[in-house]
Every structure is written in C-alpha cells, then in structure tokens.
Amino acid sequence: MKNIVVLISGRGSNLQAIAKVCAAEAWNARVAAVISNRADAAGRDVAAAMGIATEVVDHHGFASREAFDANLATAIERHAPDVLVLAGFMRILTPAFVRRFEGRMVNVHPSLLPAFAGLHTHRRVLQAGCKLSGATVHFVTPELDHGPIIAQAVVPVLADDTEMSLAERVLAAEHRLYPMAVGWLVQGSLRVADGVVRHRAGAAQLLS
Ligand code: GRF
C-alpha cells in the first residue's frame, strides 16, 4: 500500500477529487495525511470528512523559509510518502526541500504551462486574448511551475468569460486531470527521459 501525502493551503477540492478516485478505483494506495500551512484551510474539513488525518505546520511559526521547510519535511516523512501532492499549496519551496522529494512530488497549475506560470493566471489569459486555456500537472523542480509535464487538460476560453467563469471551467478540468496523473504515479506508469514524461503504456496525456 503506497502512501500519498497532500499539502494544501485552502479549499481542498483537488484533494477531494484525488481521494475519491483513489477509493473508487481501489488504487493500491491511500491518502495517508493532509498537511496544511494554515489552520483555517477549508480543505482540512474536507479531509476530516473523508477520515483522513490532518496536520498544520503554520509558516508563521518559523523565522525563515528554510526552517519552515525543514519542519514541514519532518512532518511529511512521518507518513513515509511515496507520492507528495501539492494541491493549492501556496508556499514557495526551498531548493533543498524540492530536492528531497524530487521525482515523487507533483503540482497542478491552472494554465497550459509553460505559458502563464505564476499568479493571476486567468486574468492574464483573458488579457492576452487566448482562446484556449487549461491545467497542467507537473513534477516539481526548484524553478516555480516549470517541472516536467505529466498531463494537461485544455478548455476553451469563451468570449464572455470572466476570471471567475474561466477559473471554474479550468478547476473542473483539474478534478479530472489530477487524479488521473496521481494514479499513474502511484502505479509506476510514468518514465521521464530528458525532461519529458511519457506514460509507459502510451495512455493519452492530454484531456480535452
Ligand atoms: C487550483 O486552482 C490549482 O490549480 C491551484 O490552486 C487551486 C487549488 O484549489 N494550484 P483547491 O484547493 O484544490 O480547491
């Protein structure tokens, strides 16, 4: 049985999507713990309702990013994670932390990376007049939002879209995409060569 540890800062809808599919598809894995850097993260209630243990490592309690990350890593390691999932975790991680979990740590970003890395994604997509957007699941590397891409989902940008309507459409795509990608990781279905991720059996890494 593999252990998945999920890091959150807020709502936890991706956490919920992953935990549901993990149970529904009877993966040989479980969400062993959800760790939040905020005590008020709504996702902690989501986890509790699903019977998943939660912990808080509050970044305010540490003098430096390094000290916070070291403490967070210790909390994570207690659950012997095979896969570490960032699901709306709003902290920049130090290179030392990233190296420790590299290859088993993934993130979802609400754009078609490498376009629109960083914050305010939907606003920037609308301002640029893009007709397509989407979500990307990628391995986490020290450079923010830049790791090898595991899978992407595309959604249309509609003429009357607002930031909110586009965000909703992308989030619904994330809820299909992220469980699929985490499932592949849990099952050992991925290989990475020269920074490019391929599914061993050739499954489509694009959802539309
Ligand atoms: C999502 O939009 C995701 O793309 C971004 O943070 C948000 C997390 O939402 N990284 P939730 O907490 O999973 O509902």
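## Starting at G88

Let's begin with G88, which counts as partly exposed at 36% relative accessibility. Keep in mind as you look around that this is a predicted model. G88 sits in the loop between β4 (83-86) and α4. Setting aside neighbours within four places in sequence, G88 makes contact with I8, S9 and G10.

You can also check G88 against S36: the two are 52 residues apart in sequence, and their C-alpha atoms are 9.9 Å apart in space.

## Around the ligand

G88 turns up again here, as one of the residues surrounding the ligand. The others in that list are R11, G12, S13, N14, V108, P110 and E174.

Which atoms of R11 come up against the ligand? An N or O atom in the R11 side chain is 2.6 Å from an oxygen atom of the ligand. With G12, it's the backbone that takes part: one of its N or O atoms lies 2.8 Å from a ligand oxygen. N14 also uses a polar backbone atom, 2.9 Å from an oxygen atom of the ligand. As for cover, the ligand has 370 Å² of accessible area on its own, and the protein covers 85% of that.

## Rings and a charge

Now for the aromatic side chains. The count comes to two aromatic pairs. F97 and F101 make up a tilted pair, with 5.0 Å from centre to centre and 50 degrees between the planes. The tilted label fits because stacked planes would be under 30 degrees apart and edge-to-face planes over 60.

How do these two sit along the chain? F97 and F101 are four residues apart in helix α4 (residues 95-101), so about one helical turn separates them. F97 is buried, and F101 is buried too.

There's another ring to look at, that of F68. The charged end of R91 sits over this ring, 5.4 Å from its centre.

## T136, inside strand β6

Follow the chain on to T136, which lies in strand β6. Is T136 buried or exposed? T136 counts as buried because its relative accessibility is 0%, and the cut-off for buried is under 20%.

The T136 side chain has polar company. It reaches the backbone oxygen of S111 at 2.6 Å. A polar atom of the T136 side chain also lies 3.0 Å from the backbone nitrogen of L113.

Leaving out residues up to four places away in sequence, T136 touches a long list: N107, V108, H109, S111, L112, L113, I149, A151, Q152 and L177. You've met V108 already, among the residues surrounding the ligand.

## K131, out in a loop

K131 belongs to the loop between α5 (121-127) and β6 (132-139). With a relative accessible area of 63%, K131 is exposed, whereas T136 is buried.

What does the K131 side chain reach? One of its polar atoms lies 3.0 Å from the backbone oxygen of G129. Beyond its neighbours within four places in sequence, K131 is in contact with V155, P156 and V157. For V157, look at the backbone as well: its C-alpha atom and that of K131 are separated by 4.8 Å, though the residues are 26 apart along the chain.

How values were computed
Residues numbered from 1 in each chain as written. Predicted model: local features only at pLDDT ≥ 70, side-chain atom pairs only at ≥ 80, totals over all residues. Heavy atoms only, no water. Phe/Tyr/Trp six-rings, centres within 6.5 Å; stacked < 30°, edge-to-face > 60°. Helix = DSSP H or I, 4+ residues; strand = E, 2+ residues; numbered from the N terminus. Buried < 20%, exposed > 50% of the residue type's maximum accessible area, 1.4 Å probe, protein only. Lys NZ or Arg CZ within 6 Å of the ring centre and 35° of its normal. Near = heavy atom within 4 Å. Polar contact = N/O pair within 3.5 Å; in protein donor to acceptor, adjacent residues only side chain to side chain. Areas by Shrake-Rupley, 256 points an atom, 1.4 Å probe, with all protein chains shown as cover. Contact = heavy atoms within 4.5 Å.
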